Amino acid sequence: MGMFEKRRFRSFLIYVQDFNKDDKKTWKEVDPHRTTSAQLYEKFGLDKDTADFTGHALALYRDDEYLGQPCLDLIHRIKLYSESLARYGKSPYLYPLYGLGELPQGFARLSAIYGGTYMLDKPVDEIVLENGKVVGVRCGDEIARCRQVYCDPTYVQDRVKKVGQVVRCICLLNHPIPNTKDALSCQIIIPQKQLGRKSDIYVSLVSYTHQVAAKGWFVAMVSTTVETSNPQAEIKPGLDLLGPIMHKFVSVSDVYKPTDSGLESQIFISESFDPTTHFETTCLDVLDIFRRGTGE
């Protein structure tokens with residue numbers, strides 16, 4: 001980014017920071033309900049590379065459809081990123097110590113406080129329905145009675161549809177990712193346009209500072225949406241950033257979405273994990289399931 005582009009980008013960020021949707025004085029001749037994101041970039045003279053970085057790395061859009069939509073959502077996303085960065089210091093993201101497995105453990109402990117019961121190491125043989133509504137889950141000869149079921153697509157293949165595939169590569173490194181100032185954790189998003197693709201490539205790195213690896217070891221993950229018949233070749237641009245890789249594990253997973261809201265059957269199904277490494281879409285999916293299940 002050249003000196004003049006930096007000045008234009010700074011002016012853009014100041015505008016976003018000062019923006020208040022309830023105070024039209026801060027709009028500065030931009031109607032956020034009508035002006036598109038592309039037009040907002042043009043107003044500040046930002047070039048395509050800066051727009052790519054802003055939309056995909058700051059606002060976390062997964063494609064470029066947002067460019068033709070009103071810019072209000074773009075502004076809110078950038079404000080969220082900058083406010084999170086200001087609040088937490090070096091990174092706008094939070095990551096649990098000992099890995100993501102701590103999240104369900106935290107849920108389990110909280111659920112137990114409110115009287116939840118757990119059946120561990122139990123196979124799910126059948127989701128029992130009566131008159132089209134769920135009444136329980138059968139495990140062998142036992143049935144756990146319930147009024148609602150929350151599950152992922154693997155338990156109800158007849159109620160979901162395949163919408164794509166994701167390729168992931170988990171890599172074990174004995175060094176930080178090159179050119180990241182020896183960062184012990186980081187996220188890299190490679191915008192689709194820079195690779196001539198329809199989907200971004202995501203790279204994440206965690207390490208012993210998160211208690212997920214032995215000291216001196218790093219865990220990197222590279223992922224993207226499958227677009228060709230050679231998924232491993234699609235993540236090569238991300239793998240090339242990592243430097244020497246000690247071990248790697250590649251998998252291709254189907255992506256499913258529920259075919260109905262679950263309001264009639266009271267079976268509420270999540271979507272499969274997409275390739276993003278920041279989990280924004282997963283959080284939105286959880287909130288959507290909560291809204292459908294509780295009406296709140």
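Which residue in β2 is the bridge partner of E126? The answer is R138. That pair is a handy way into this structure, which is a predicted model.

**The protein as a whole**

Let's start with the overall picture. The protein has 296 residues, and 37% of them count as buried. Its secondary structure comes to eight helices and 10 strands. If you lay the C-alpha trace along its principal axes, the span is about 70 × 50 × 40 Å. The accessible surface adds up to about 18,200 Å², with 54% of that belonging to carbon and sulfur atoms.

How do the contacts spread along the chain? Taking the contacts with a separation of 6 or more, 63% are between residues 24 or more positions apart. As for charge, there are 36 positive and 38 negative charges, and their mean positions lie 5 Å apart.

**Strands β1, β2 and β3**

Back to where E126 and R138 sit. Strand β2 covers residues 133-139 and is mostly covered, with five of its seven residues buried. On one hand, β2 pairs with β1 (residues 126-130) in the antiparallel sense. On the other, β2 is joined to β3 (residues 142-145), again antiparallel. In that second pairing, C139 has E142 of β3 as its bridge partner.

Both pairings are hairpins. Two residues separate β1 from β2, and N131 in that turn has a positive phi of about 55°. Two residues also lie between β2 and β3, where G140 in the turn has a positive phi of about 65°.

**The five-stranded sheet**

Elsewhere there is an open sheet of five strands, in the order β6-β7-β8-β5-β9, with antiparallel pairing. The edges are taken by β6 (186-190) and β9 (247-258); each has a single partner strand, so one side of each is left without a neighbour in the sheet. From one strand to the next, the twist averages 20°.

For β9, the pairing is with β5 (residues 160-173), and it runs antiparallel over 12 bridges. If you want a spot to look at in the viewer, try Q165, whose bridge partner in β9 is D254.

Here are the three strand pairings side by side, each with one example of a bridge:

| Strand pair | Bridges | Example bridge partners |
|---|---|---|
| β1 and β2 | five bridges | E126 and R138 |
| β2 and β3 | four bridges | C139 and E142 |
| β5 and β9 | 12 bridges | Q165 and D254 |

As a reminder of what holds such pairs together, strands of a sheet pair through backbone hydrogen bonds, either parallel or antiparallel.

Conventions:
Residues numbered from 1 in each chain as written. Predicted model: local features only at pLDDT ≥ 70, side-chain atom pairs only at ≥ 80, totals over all residues. Heavy atoms only, no water. Buried < 20%, exposed > 50% of the residue type's maximum accessible area, 1.4 Å probe, protein only. Contact = heavy atoms within 4.5 Å. Areas by Shrake-Rupley, 256 points an atom, 1.4 Å probe, with all protein chains shown as cover. Lys, Arg positive; Asp, Glu negative; His and termini not counted. Charge placed at Lys NZ, Arg CZ, Asp CG, Glu CD. Pairing = 2+ DSSP bridges. Axes fitted to C-alpha atoms, helices over the stretch in contact; angles between N-to-C directions.
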